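Here are some short exercises to help you find your way around a new structure. Have a go at each one before reading its solution.

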Amino acid sequence: MRHAGSDTNTGTPGPAAFAARYVGVGAYFGFVLVNSEVVSWYRIQEMFRFHSFHMYGVIGSAVLVGMITVWLVRRYELRSIGGEPIAFKVFDPGWPRYLLGGSLFGVGWALTGACPGPIAALIGAGLTGFTIVLAAAVLGTWTYAQVRHKLPH
Amino acid sequence: MELILAALRGPWPWYVAGPLIGLTVPLLLFLGSKRFGLSSNLRHMCAVLPSRNSYLRYDWRREGGWNLLMYAGIALGGLLAGVLLADPAPVEVADSTAVALARAGLEVDGALAPQELFSWSSLFTVRGLTVMVLGGFLVGFGARWASGCTSGHAITGLAELQWQSLLAVAGFFIGGLLATHLLLPLVLAL
């Protein structure tokens, strides 16, 4: 009989366990984002003015931990707990999209002091005005979908 | 007990926060071979709406269901850390940043984001509207053009040693520096 927990036959989680798993990862991440103050508009201002090491330390050490674990996964061809092989994303080879799209994103990051993750964390933390920022970001993505064939990639 | 509560309230130094953020990458890989990157959610939210656009027509539940759940979880984590276990002390800001912002016409208020720019009532001010709507729009437009944001490029992509991500992060800083030093003073003067 299949119930809301994990499916014991295949090891794949049922819908409730699947949802709990990813909501849980998100809650962990959101909690860390707020407690490290990287969701703060002021911290982003410090970063872009080179007035504090905080953001550089956070991003640098996060990348270092990610790099070591990704290296281990590749080196030992590790699999997920469900036995799936772990593949890495292959990005499109063109360069303009990364530099141009990245620069526009950077302008938005500096103005709002928030990237997509922190926008959700801030809404949860009670700064509900950021729902407007989120709606504008969704509109930005929708607009990109409409005009993308005219842009260099 | 009080020590634990104090630790949970934060704020945490970079050498605690950074590694904990970095661990999200292997956590998602091991839980289900998922790649950490949050701006895809903006695309999934568009894909929920009916559309004939080929970029937005795909099975968002299958591709992005897990990521949308994670995104909702981030708001929950924000609620836990920012409301239930909120740190009562004002958010730290470097003195030099506070001075520069004051010169541009914005006083540091100790909140996570200046209420003068991001409260509901600031929607009716030109500078609040500009920062929230133009800024948010560019976050969504730029992240999808660059096919990633801070999480997908600056953390996961750099951890994977992808040159495209290094280029995107260079772009983040070009745009961020221009906006901070040239655009923001103009917007704050509005």
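## Exercises on two interfaces

**Exercise 1.** Work out how the two domains of chain B meet, beginning with how many residue pairs are in polar contact.

*Solution.* Between domain 1 of chain B and domain 2 of chain B, six residue pairs are in polar contact, both residues being at pLDDT 80 or more. A polar contact here is a pair of N or O atoms within 3.5 Å; within protein, one must be able to donate a hydrogen and the other to accept it, and residues adjacent in sequence count only if both atoms are side-chain atoms. By class, the side of domain 1 of chain B that touches domain 2 of chain B has six nonpolar, three polar and two charged residues (Ala, Val, Leu, Ile, Met, Phe, Trp, Tyr, Cys and Pro count as nonpolar, Asp, Glu, Lys and Arg as charged, and the others, Gly among them, as polar).

Next, look for salt bridges (a side-chain nitrogen of Lys or Arg within 4 Å of a carboxyl oxygen of Asp or Glu). The rule finds one across this domain interface. B:E160 pairs with B:R35 in a salt bridge, with their closest N and O atoms 3.1 Å apart.

A word on the ground rules: this is a predicted model, where local features need pLDDT of at least 70, side-chain atom pairs count only at pLDDT 80 or more, and totals for chains, interfaces and linings use all residues. Residues are numbered from 1 along each chain as its sequence is written, chains are lettered from A in the order in which they are written, and side-chain values use heavy atoms, leaving out hydrogens and water.

**Exercise 2.** Find how much area the two domains of chain B bury between them.

*Solution.* Buried area is the accessible area (1.4 Å probe) that two parts lose on being put together, summed over both. For these domains of chain B that comes to about 910 Å², 58% of it on carbon and sulfur atoms. In domain 1 of chain B, B:R35, B:F36 and B:S39 lose the most area to domain 2 of chain B, together 48% of what that side buries.

**Exercise 3.** Now describe how chain A and chain B meet.

*Solution.* Start with contacts (heavy atoms within 4.5 Å): 112 residues of chain A touch 117 residues of chain B. The two chains bury about 10,400 Å² between them, 76% of it on carbon and sulfur atoms. A:Y22, A:Y42 and A:L111 supply 8% of the area that chain A buries against chain B, more than any other three residues. Finally, count the salt bridges between chain A and chain B: zero.
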